[in-house]
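Here is a relaxed walk through one protein model, for someone meeting it for the first time. Have a look at the sequence and the structure, then read on.

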Amino acid sequence: MNDLKSILLPGVDNKRPLVIAGPCSAETEEQVMATATALAEKGIKIFRAGIWKPRTKPGGFEGVGQAGLPWLQRVKAETGMYVSTEVANAKHVEEALKHDIDILWIGARTSANPFAVQEIADALKGTDIPVLVKNPVNPDLELWIGALERIYNAGIRRLGAIHRGFSTYDKKIYRNLPQWNVPIELRRRIPDLPLICDPSHIGGKRELISPLCQQAMDMNFDGLIIESHNCPDKAWSDASQQITPDILEYILNTLVIRDTKQSTENLTELRSQIDLIDNDLLDLISKRMRVSREIGTYKKEHNMPVLQSARYDEIMQKRVILGNSLGMSTEFMQTMWEAIHEESVRQQIEIINS
Ligand code: PEP
Ligand code: MN
């Protein structure tokens, strides 16, 4: 899968993070234009706005529908930003393409449904629009990868994944539990796939946006998709998690982006030291085993039992104290010496039975 940033978006540089920002929903033409203009002034290059909104219960604001698509065209024309929106069925894809939307994303509820994703994939055939696939609401990596594969198999090569957290019954700190191990495993399985974090839907509240963005950067995510509204308190959906363009700029400016190239070089040096030390460790352990086998021979000749528990207790106690004084935990020292002792006993028994 190709690099979304370098191929798709001329004018959007490769610097991390790639930022997509805009309101949860397009509400009115005025709200869309006011937010987009402010974001463009802050240097944001990709605008987001939900046109069709998946809502948990009926009766709420379900998006303005295709009437909002010309507003996004106006954002493109007047600010020069790329525009993105969510699609949940073939009709949405068709309308979005007709209105020159630049990037589509598939929402978490849709990613969980293979029939819906396949319908979207079929509607995308013959186009080369970039598509971002949000994780399904449940922490099922195979389902997430399956959704990405369906879109890939339709011929879409500019693909990315959005991590937006996972639904839980118990909402404590997060609206959607991050379970970072899932996107980390996705990165391991598909290393070239751009990975974007959605701190807005993970956190569900404004004060969590900044720490979640930093965490995503520390985990080497490529980008961030952040909900920003010109007047967050008056937002028609997800009011508690949206931030003003000013706050967004502040958060982005305070992010610490670690230099991955630099640290890899330093790491290479440190890792070769670790390799040497591991070799020394193995040499020493095998020497220890050789001595232990000599003890085994002695025990055999003198008809002594292999296990001398007083000696074992003494070794364990001394090693734990020594290890503690060197900054290692009691639990680690016990586990390590149990393992060494077990192998010693196994080798002595081999000798006694030979
Ligand atoms: C959204 O991005 O506004 C949205 C509905 O997100 P999700 O699909 O992650 O709930
Ligand atoms: Mn939202």
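## A loop, two bound ligands and a few helices

Let's start in a loop: N303 sits in the one that runs between α12 (260–301) and α13 (309–325). Keep in mind that this is a predicted model. The phi of N303 is positive, near 55°, even though the residue is not a glycine. That's worth a second look because most residues other than glycine have a negative phi. Is N303 buried or exposed? With a relative accessibility of 73%, N303 counts as exposed, because the cut-off for that word is over 50%.

N220 also has a positive phi without being a glycine, and here the angle is about 70°. You'll find N220 right after helix α10, in the loop that leads from α10 to β8. Its relative accessible area is 34%, so N220 is called partly exposed.

Now step back into the helix before that loop. Helix α10 covers residues 206–218, and its buried residues are L208, I209, L212, C213, Q214, A216 and M217. A general point helps in reading such a list: an α-helix has 3.6 residues a turn, so residues three or four places apart point the same way. What covers the buried residues of α10? The cover includes β7 (195–197), α9, β8 and α11 (245–254).

Helix α9, one of those covering elements, spans residues 199–203 and holds S200. The relative accessible area of S200 is 0%, so S200 is buried. Leaving out residues up to four places away in sequence, S200 touches I209, I225, I226, E227 and Q241. Of these, I209 is one of the buried residues of α10, and E227 brings us to the metal.

Which residues coordinate the manganese ion (ligand 2)? The donors are C24 through SG, H201 through NE2, E227 through OE and D238 through OD, at 2.0 to 2.4 Å. Along the sequence, the spacing of these donor residues reads C-x176-H-x25-E-x10-D. H201 belongs to helix α9 and E227 to strand β8 (residues 223–227), so this pair ties together parts that are 26 residues apart in sequence. Both residues are also buried: H201 has a relative accessibility of 8%, and E227 has one of 1%.

Ligand 1 comes next, and some names will be familiar. Around ligand 1 you meet C24, R48, K53, E86, W105, G107, A108, R109, K134, R164, H201 and E227. Among them, C24, H201 and E227 are also manganese donors. How does the shell around ligand 1 divide by residue type? The split is three nonpolar, two polar and seven charged.

Three of the shell residues place a polar side-chain atom by an oxygen atom of ligand 1, as this small table shows:

| Residue | Distance from its polar side-chain atom to an oxygen atom of ligand 1 |
|---|---|
| R109 | 2.9 Å |
| K134 | 2.8 Å |
| E227 | 3.3 Å |

How much of ligand 1 does the protein bury? On its own, ligand 1 exposes 290 Å², and the protein buries 97% of that.

One more corner to visit is the stretch around helix α4. N89 lies in the loop between β3 (82–86) and α4. Its relative accessible area of 24% makes N89 partly exposed. The side chain of N89 reaches the backbone nitrogen of K91 at 3.1 Å. Not counting residues up to four places away in sequence, N89 touches E119 and I120. As for distances, P70 is 19 residues away from N89 along the chain, and the C-alpha atoms of the two are separated by 19 Å.

H92 has its place in helix α4 itself, which covers residues 90–98. At a relative accessibility of 11%, H92 counts as buried. A polar atom of the H92 side chain lies 2.9 Å from the backbone nitrogen of A88. Setting aside its neighbours within four places in sequence, H92 is in contact with W52 and V87.

Methods
Residues are numbered from 1 along each chain as its sequence is written. Chains are lettered from A and ligands numbered from 1 in the order in which they are written. This is a predicted model: local features need pLDDT of at least 70, side-chain atom pairs count only at pLDDT 80 or more; totals for chains, interfaces and linings use all residues. Side-chain values use heavy atoms; hydrogens and water are left out. A residue is near a molecule or strand if one of its heavy atoms lies within 4 Å of it. A polar contact is a pair of N or O atoms within 3.5 Å; within protein, one must be able to donate a hydrogen and the other to accept it, and residues adjacent in sequence count only if both atoms are side-chain atoms. Accessible areas come from the Shrake-Rupley method with a 1.4 Å probe; for residues, only the protein chains shown count as cover. Ala, Val, Leu, Ile, Met, Phe, Trp, Tyr, Cys and Pro count as nonpolar, Asp, Glu, Lys and Arg as charged, and the others, Gly among them, as polar. Helices (H or I, at least four residues) and strands (E, at least two) are DSSP runs, numbered from the N terminus. Buried means under 20% relative accessible area, exposed over 50%, partly exposed in between (1.4 Å probe, protein chains only). Contact means heavy atoms within 4.5 Å. Donors are N, O and S atoms within 2.8 Å of the metal (3.2 Å for Na, K and Ca); water is not among the atoms, so sites may look incomplete.
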